[in-house]
Amino acid sequence: MAGQALNLWKDWRLHGIVLAIVIVTELIGTHGITVGPGVILLLPMLYAVIIGLILYFTPVVKEKQSKNAETLVFLSVALLIAKFGVQAGPAMPEIIAAGPAFILQEFGNLGTIFLALPLAIFLGIKRESIGMTHSIAREANLALITDKYGLSSAEGRGVMAMYIFGTVFGSIFMGLLSGFLATVTPLHPLSFAMATGIGSGSMAAAALGPLVAAFPEMKETLTAFSGVSNLISSVTGLYMSIFIGLPLTVKLYEVMTKKKNNQKQDSKGV
Amino acid sequence: MLKSIQEWVMVFTIIGLIMLIGNWIGYEVLPLDALPGIIILILISLAGLIIHRLLPFQLPSIAYIGIIGLIITIPGFPGSEQINVWTAKVNLLAIATPILAYAGISVGRSWFDFAKLGWKTIVVGMCVLLGTFLGSAIIAEIVLRIQGII
């Protein structure tokens with residue numbers, strides 16, 4: 001991916017546009033709209049993606065800028081992953097102390113593949129579904145898919161769509177979901193508290209809220225379980241996706257679409 | 001290889017400067033205060049990209065970048081505390097904004113394919129979150145019961 005990076009730094013037009021976008025969006029700042037148990041978070045990065053997109057359709061951005069931008073996404077994401085790394089190091093002793101229960105529970109994050117991938121294929125989504133369903137598509141996963149397939153690939157479009165969905169609606173949906181599930185299922189609140197750690201701080205907070213409200217006598221334990229679990233997810237999430245999540249999704253996608261294609265051919269034959 | 005490294009350094013310098021400005025406007029950290037932090041993040045990224053080129057395995061470069069960042073900040077690693085202090089000055093969201101600006105410009109090219117996902121994104125998205133949350137809760141329930149905690 002980065003191998004093709006040649007003379008990208010000379011695209012001053014592109015860097016100038018991005019600098020202008022950053023200045024404008026950071027000046028607007030972060031705003032939140034409360035909806036039920038969750039908050040719609042409007043972050044500078046959200047305005048940035050929208051402004052960038054709109055500018056593509058204006059004469060300001062030429063085809064060349066858009067092509068170069070793809071490799072630049074990959075390189076700038078490297079800095080983000082480095083930041084994740086240095087945030088994770090200090091937490092290692094805590095994670096080791098937390099015990100195997102927390103780490104085992106991380107495998108539950110793969111649940112998305114078995115639930116959402118078949119649905120996506122059923123809805124007729126092609127390779128986009130790999131990017132969409134291999135994880136909850138936070139920054140680290142955006143980086144992984146960009147690294148492996150490129151952002152303008154089908155997989156890249158999928159992960160980008162899910163990234164935007166999660167950023168805009170994630171915390172509202174998680175807030176509603178956790179409140180609902182905690183009351184209708186027989187699972188223990190502690191299990192749900194561990195499950196809130198899916199690798200996104202705002203989603204974890206939104207999911208924890210209704211749990212604490214429903215079981216106020218367990219407030220401290222629930223909060224601690226959620227915090228540790230989210231910490232572990234944010235450290236292990238990337239590697240979980242690299243080694244298990246993404247290969248599993250690709251495999252399952254291939255198996256399922258092959259079967260579907262065969263069925264189509266069969267019915268054509270009849 | 002050398003040519004790539006040169007290119008990476010130039011690109012990281014430009015992106016780093018944009019991030020410093022965003023960090024300054026949005027999070028009120030003076031660029032000079034955040035400079036050592038961004039330099040460290042750039043060095044980690046460079047090291048990861050170079051290792052990725054040198055090693056024969058098919059692991060994404062971000063895997064190395066994340067691990068290097070993690071190792072040098074584990075308590076007890078020489079200088080880990082100083083690295084912590086420096087990199088803490090570079091706000092995560094300030095890093096994310098320029099990335100998403102580049103991403104928006106890049107996604108524009110495949111916008112019509114992207115838009116085709118439309119309402120399906122919302123349906124699949126809900127199932128992604130439901131699957132992750134419920135999957136984790138069920139495994140947690142099993143493990144906690146085996147351990148006799150609940």
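Two aromatic rings of Phe, Tyr or Trp count as a pair if their centres lie within 6.5 Å; planes under 30 degrees apart are stacked, those over 60 are edge-to-face, and the rest are tilted. The model treated below is predicted.

**Exercise 1. State how many aromatic pairs the structure holds, and classify the one formed by Phe165(A) and Phe169(A).**

Step 1. Over all chains there are seven aromatic pairs.
Step 2. For Phe165(A) and Phe169(A), the ring centres are 5.8 Å apart and the planes make an angle of 45°.
Step 3. The distance falls within 6.5 Å, and the angle is neither under 30 nor over 60 degrees, so the pair is tilted.
Step 4. Both residues belong to helix α9 (residues 154-184) of chain A; because they are four residues apart, about one helical turn separates them.

**Exercise 2. Describe the interface of chain A and chain B by area, residues and composition.**

Step 1. Between them the two chains bury about 8,900 Å², and carbon and sulfur atoms account for 81% of it.
Step 2. Chain A brings 113 residues to the contact and chain B brings 91 residues.
Step 3. Turning to polar interactions, 22 residue pairs are in polar contact between chain A and chain B, both residues being at pLDDT 80 or more.
Step 4. On the side of chain A that touches chain B, helix α3 (residues 63-88) gives the most, with 23 residues.
Step 5. That side of chain A divides into 80 nonpolar, 25 polar and eight charged residues.

**Exercise 3. Find the salt bridges between chain A and chain B, and place Arg109(B) and Glu70(A) in their elements.**

Step 1. The count over all chains is six salt bridges, and the count between chain A and chain B is two.
Step 2. Arg157(A) and Asp113(B) form a salt bridge through their side chains, with N to O at 3.7 Å.
Step 3. Arg109(B) and Glu70(A) form another, their closest N and O atoms being 3.2 Å apart.
Step 4. Glu70(A) sits in helix α3 of chain A and Arg109(B) in the loop between α5 (92-107) and α6 (111-146) of chain B, so this pair joins two chains.

**Exercise 4. Compare the UniProt "transmembrane region" annotation with the model for selected spans of chain A and chain B.**

Step 1. For chain A, the unreviewed UniProt entry lists spans including 161-184 and 190-215.
Step 2. Residues 161-184 of chain A are 100% helix, with end C-alpha atoms 30 Å apart.
Step 3. Residues 190-215 of chain A are 77% helix and 0% strand, and the end C-alpha atoms lie 10 Å apart.
Step 4. For chain B, the spans in the unreviewed UniProt entry include 61-78 and 118-144.
Step 5. Residues 61-78 of chain B are 72% helix, with 24 Å between the end C-alpha atoms.
Step 6. Residues 118-144 of chain B are 100% helix, and their end C-alpha atoms are 40 Å apart.

Key: Residues are numbered from 1 along each chain as its sequence is written. Chains are lettered from A and ligands numbered from 1 in the order in which they are written. This is a predicted model: local features need pLDDT of at least 70, side-chain atom pairs count only at pLDDT 80 or more; totals for chains, interfaces and linings use all residues. Side-chain values use heavy atoms; hydrogens and water are left out. UniProt positions are given in the numbering used here, feature names are shortened, and annotations may be inferred rather than shown by experiment. Contact means heavy atoms within 4.5 Å. Buried area is the accessible area (1.4 Å probe) that two parts lose on being put together, summed over both. A salt bridge is a side-chain nitrogen of Lys or Arg within 4 Å of a carboxyl oxygen of Asp or Glu. A polar contact is a pair of N or O atoms within 3.5 Å; within protein, one must be able to donate a hydrogen and the other to accept it, and residues adjacent in sequence count only if both atoms are side-chain atoms. Ala, Val, Leu, Ile, Met, Phe, Trp, Tyr, Cys and Pro count as nonpolar, Asp, Glu, Lys and Arg as charged, and the others, Gly among them, as polar. Rings of Phe, Tyr and Trp (its six-membered ring) pair if their centres lie within 6.5 Å; planes under 30 degrees apart count as stacked, over 60 as edge-to-face and the rest as tilted.
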